[in-house]
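Thanks for coming, everyone. I'll walk through one structure today and keep it short. Let me put it on the screen.

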Amino acid sequence: MRKFSEGKKMWISVMAAFLIYAVVFILFDDYDRKMLEPLNQVNDWHLMVFAVVVMVILGFVLLRYCKRMDERIEQEQEMKQTLMRRQLTQNIAHEIKTPVASILGYTETLLSTPDIPHETAKRFLERTHVQAQRLTSLLADLSILNRVDYAPHVIAMHRVNVSQLVGDVVQDVELALKKKGMKLNNYLPEDIIVNGNESLIYSIFSNLIDNSINYAGEGSTIEILASDTIQHWNFIYRDNGMGVEEQHLSRLFERFYRVDKGRSRSMGGTGLGLAIVKNAVLQHNGTITVEKLNEGGLQFKFSLKK
């Protein structure tokens, strides 16, 4: 269904209001009139013609203004999207530049130094592999975001058992949690069923957990809870880790936004995890917010439509 522009909405609203006012004024111009009566008086017909002429003139003038308003809004949106695309392109180039430079540096050294010690060559290959993995993760995250942004209509939706899916995510991150001495308490009830995309819902929980593993700090505890309403399942994801300062909260879902750029890159993150979380939630007709807990850590509240 085609949506009306803001200008057309305003034009229709004003015209409808004027039409209603004109009809009421003409039919009830005599305050003693208690009920609708035929327009027998000449003045009534004069008023009717006058109202029609005024409405046509007003509609024409207002329509021109509304068209200019729509054009201005469209130009502003296009400029904003162009700026966002330019910033995104710059961020992608910046994120790719570092691992590519490292890979080139290590491989050039290996190729130009045939008698390089075996241990050094092995270390260079290991670092090259790590940077290649980082590039792979970045490309995978970009692929997910592009799919949500530009082809949401091709994302298959079907019956998904979120409880089972989160259980799979927890098993997948079990070793990473153990390395950090972290604990994850999964309080989700059994058989949480939503109509959604399994891959995107998996990305929501895996990225939230990865974010905690990377930044919450060793020994932290993660909790996942849920409650339902008539139309949605409402989830709470929280940890008791380091958290972030208040000024960063409003930008955590921005693509490539990093609270601590140097520390984030050393952790191997792509800077797209929370952006994927937000877009995946929106794709499922849900909402998401983040807040800093008084006792430390972050709490994410989000919903998925049943």
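Start with β2 and β4. They run parallel, and four bridges join them. One pair to find on your screen: N185 stands opposite E223 in β4. Keep in mind that this is a predicted model.

Now step from β4 to β5. Here the strands run antiparallel, joined by seven bridges. The link between β4 and β5 is a hairpin of three residues. Look for I224. Its bridge partner in β5 is Y237.

Next, β5 and β7. β5 covers residues 232-239 and β7 covers residues 298-305. Their pairing is antiparallel, over seven bridges. I236 sits opposite K301 in β7.

So what is the order of strands in the open sheet? It reads β2-β4-β5-β7-β6, five strands with mixed pairing. Which strands stand at the edges? β2, residues 183-186, and β6, residues 288-292. Each has a single partner strand, so one side of each is left without a neighbour in the sheet. On average, neighbouring strands here are turned by 15° against each other, ignoring direction. As a reminder, strands of a sheet pair through backbone hydrogen bonds.

Now the helices on this sheet. α6, residues 198-215, lies across β2, β4, β5 and β7. Its direction is at about 180° to β7. Helix α9, residues 273-283, also packs on the sheet. α9 touches β6 and β7, and makes about 30° with the direction of β7.

Let me stay with α6 and pick two serines. The first to show is S212, in helix α6. Is S212 buried or exposed? Buried: its relative accessible area is 1%, and the cut-off for buried is under 20%. What does S212 touch, beyond residues up to four places away in sequence? M182, G217, I222, Y237 and D239. You have met Y237 already, as the bridge partner of I224.

The other serine is S203, also in α6. S203 counts as buried, at 7% relative accessibility. Leaving aside neighbours within four places in sequence, S203 is in contact with I144, I276 and V277. I276 and V277 are among the buried residues of α9.

That brings us to α9. How many of its eleven residues are buried? Nine, and the helix is mostly covered. The buried set is G273, L274, A275, I276, V277, N279, A280, V281 and Q283. What covers them? The cover includes α3, residues 118-150, along with α6, β6 and β7. Just after α9, N285 takes a positive phi of about 55°.

Back to α6, for another neighbour. Helix α4, residues 162-172, packs against α6 at an angle of about 45°, and the axes are 10 Å apart. That makes α4 oblique to α6. The crossing is right-handed. Which residues meet there? From α4, V162, L165, V166, V169 and D172. From α6, E198, I201, Y202, F205, S206 and I209.

Two loop residues deserve a look. Most residues other than glycine have a negative phi. D191 has a positive one, near 60°. D191 lies in the loop between β2 and β3, where β3 is 193-196. Buried or exposed? D191 counts as exposed, at 52% relative accessibility, because the cut-off for exposed is over 50%.

The other is F256, with a positive phi near 70°. F256 is in the loop between α7, residues 246-249, and α8, residues 261-266. F256 counts as buried, at 8% relative accessibility.

Last, the whole protein. There are nine helices and seven strands. Of its 306 residues, 35% are buried. The accessible surface comes to about 19600 Å², and 57% of that belongs to carbon and sulfur atoms. Now take the contacts between residues at least 6 apart in sequence. Of those, 71% join residues at least 24 apart.

To recap, follow α6 on your screen. It lies across β2, β4, β5 and β7, packs with α4, and helps cover the buried residues of α9. Thanks, and over to you.

Methods. Residues numbered from 1 in each chain as written. Predicted model: local features only at pLDDT ≥ 70, side-chain atom pairs only at ≥ 80, totals over all residues. Heavy atoms only, no water. Pairing = 2+ DSSP bridges. Axes fitted to C-alpha atoms, helices over the stretch in contact; angles between N-to-C directions. Contact = heavy atoms within 4.5 Å. Buried < 20%, exposed > 50% of the residue type's maximum accessible area, 1.4 Å probe, protein only. Areas by Shrake-Rupley, 256 points an atom, 1.4 Å probe, with all protein chains shown as cover. Parallel < 35°, antiparallel > 145°, perpendicular 65-115°, else oblique. Left-handed = near helix turned anticlockwise from the far one by under 90°.
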